[in-house]
Every structure is written in C-alpha cells, then in structure tokens.
Amino acid sequence: MTSLVRHLTIDCADAYRLATFWAQVLGGTLAEDDADGDPEATVTAGGISLLFIEVPDAKTVKNRVHLDLQPQDRSRDEEVERLLSLGATLVGDQRRPDGTGWATMADIEGNEFCVERSAEERARTRN
C-alpha cells in the first residue's frame, strides 16, 4: 500500500488564531480539543485537513506550496471581498477584464493563497 496525505501542515505564529481564520474561509470546523493558546490546531473542511503548528521562525519568503480556492456559492470577486472582510489581504491581482484570472491573497499571517473563478464562471467563458 502507498502513503496518503493525512494533513496539509502550515507553520505559523498563532495556531488557534490562524486555524480559526481558515475555518471561516473554508466553512470548516476546528478539532474538538483545540483551544486558544494551543501550539497546534486542526481544521477539517470539504475533504481536507489543515494542521497549523506554531514555530519560532517568522515567515520570510513566498510560500513554495499554496492553496487555490474555488468559490462554490458566489463569484470569485464576491469571495475576494468576503475574504478581505475576514482579514485577508490582496497581494496580487491577476483578474482580467474578460473575467478570467485569479486573485492572490495572504491570510492573517502572510501565507499566500489564490482565489480562482467559480465553476459557474468558468462555464460561462468556455465559449
């Protein structure tokens, strides 16, 4: 048997705070035993498990791995606005006038992620 990915692990300064942010982003849940001040916190959402672990080192360079989010019940631009209201920042805007492209954002600790078009938006621009 081969291995499987159990968690996608993200180093951070405040595990519970960052996990709470991502639980809101993904509509997920924190593990029952996670609490403010814990050095680890886990978020489960839509078939993925994100594990946040506190480390002493600050983030200094661009992520080598990042999440690409696809909104399920709103447009890409509506999702960008929602994420901004949760504390994310827009760090790169690759959205094009024809509706294609993506937005590169950073979470509350500076970890980059992208927001792509929804499936509905993709279907509209295939013609």
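Which residue stands opposite Asp-68 in E8? Cys-114 does, and we'll come back to that pair once the rest of the fold is in view. Keep in mind as you rotate the thing that this is a predicted model.

Let's start with the overall layout. The protein has 127 residues, and buried ones make up 35% of them. Its secondary structure comes to three helices and eight strands, and if you walk along the sequence you meet them in the pattern β-α-β-β-β-β-α-β-β-β-α. The C-alpha trace spans about 50 × 35 × 25 Å along its principal axes. If you like thinking in contact maps, take the contacts between residues at least 6 apart in sequence: 51% of those join residues at least 24 apart.

Now for the N-terminal part. Here four strands make an open sheet, in the order E1-E4-E3-E2, and the pairing is mixed. Why do E1 and E2 each have a side without a neighbour in the sheet? Strand E1 (8-12) and strand E2 (29-30) stand at the edges with a single partner strand each, so one side of each is left open in that sense. Helix H1, residues 15-26, packs on this sheet and touches E1, E2, strand E3 (40-45) and E4. The direction of H1 makes about 5° with that of E3. As for E1 and its partner, E1 runs parallel to strand E4 (residues 48-54), and five bridges join them. If you want one pair to click on, take Cys-12, whose bridge partner in E4 is Glu-54.

Next, move along to the later strands. Strand E6 (residues 89-93) pairs with E7 in the antiparallel sense over four bridges, and Asp-93 has Ala-103 as its bridge partner in E7. E7 is also joined to strand E8 (residues 112-115), again by four bridges and again antiparallel. Ala-103 turns up here too, since its bridge partner in E8 is Val-115. E7 and E8 form a hairpin with five residues between the strands, and in it Gly-110 takes a positive phi near 95°.

How do the side chains of these two strands sit? Strand E7 (residues 103-106) is covered on both faces: Ala-103 and Met-105 are buried on one side, Thr-104 and Ala-106 on the other. E8 tells a similar story, with Glu-112 and Cys-114 pointing one way, Phe-113 and Val-115 pointing the other way, and all of them buried.

That brings us back to the opening pair. E5 and E8 pair in the parallel sense over three bridges, and Asp-68 opposite Cys-114 belongs to this part of the picture.

What about places where a small molecule might catch your eye on the grid? The largest pocket has a volume of about 500 Å³. It is lined by 24 residues, and those nearest its centre are Ile-10, Asp-11, Lys-59, Asn-63 and Asn-111. E1 and E8 are the elements that give two or more residues to this lining, and the largest share, five residues, comes from E1. By class, the lining of the largest pocket splits into 11 nonpolar, five polar and eight charged residues.

The second largest pocket holds about 220 Å³ of space. Among the residues lining it are Val-25, Leu-26, Asp-68, Leu-69, Arg-74, Glu-79 and Arg-82. The elements that give it two or more residues are H1, strand E5 (67-69) and helix H2 (76-85). Sorted by class, the lining of the second largest pocket comes to four nonpolar, three polar and five charged residues. Notice that Asp-68 is in this lining, while also standing opposite Cys-114 in E8.

One last stop is Ser-118, in the loop between E8 and helix H3 (119-124). Is Ser-118 buried or exposed? Its relative accessibility is 7%, so Ser-118 counts as buried, the cut-off being under 20%. Leaving aside residues up to four places away in sequence, Ser-118 touches Gln-70, Pro-71 and Arg-74. Those three residues also appear in the lining of the second largest pocket.

Technical notes. Residues numbered from 1 in each chain as written. Predicted model: local features only at pLDDT ≥ 70, side-chain atom pairs only at ≥ 80, totals over all residues. Heavy atoms only, no water. Pairing = 2+ DSSP bridges. Contact = heavy atoms within 4.5 Å. Axes fitted to C-alpha atoms, helices over the stretch in contact; angles between N-to-C directions. Buried < 20%, exposed > 50% of the residue type's maximum accessible area, 1.4 Å probe, protein only. 1 Å grid on protein atoms, 1.4 Å probe; cavity = no way out; pocket = protein on both sides within 12 Å on 5 of 7 lines; lining within 4 Å. Points joined across faces, edges and corners; volume = space filled by probe spheres on them. Nonpolar A, V, L, I, M, F, W, Y, C, P; charged D, E, K, R; others polar.
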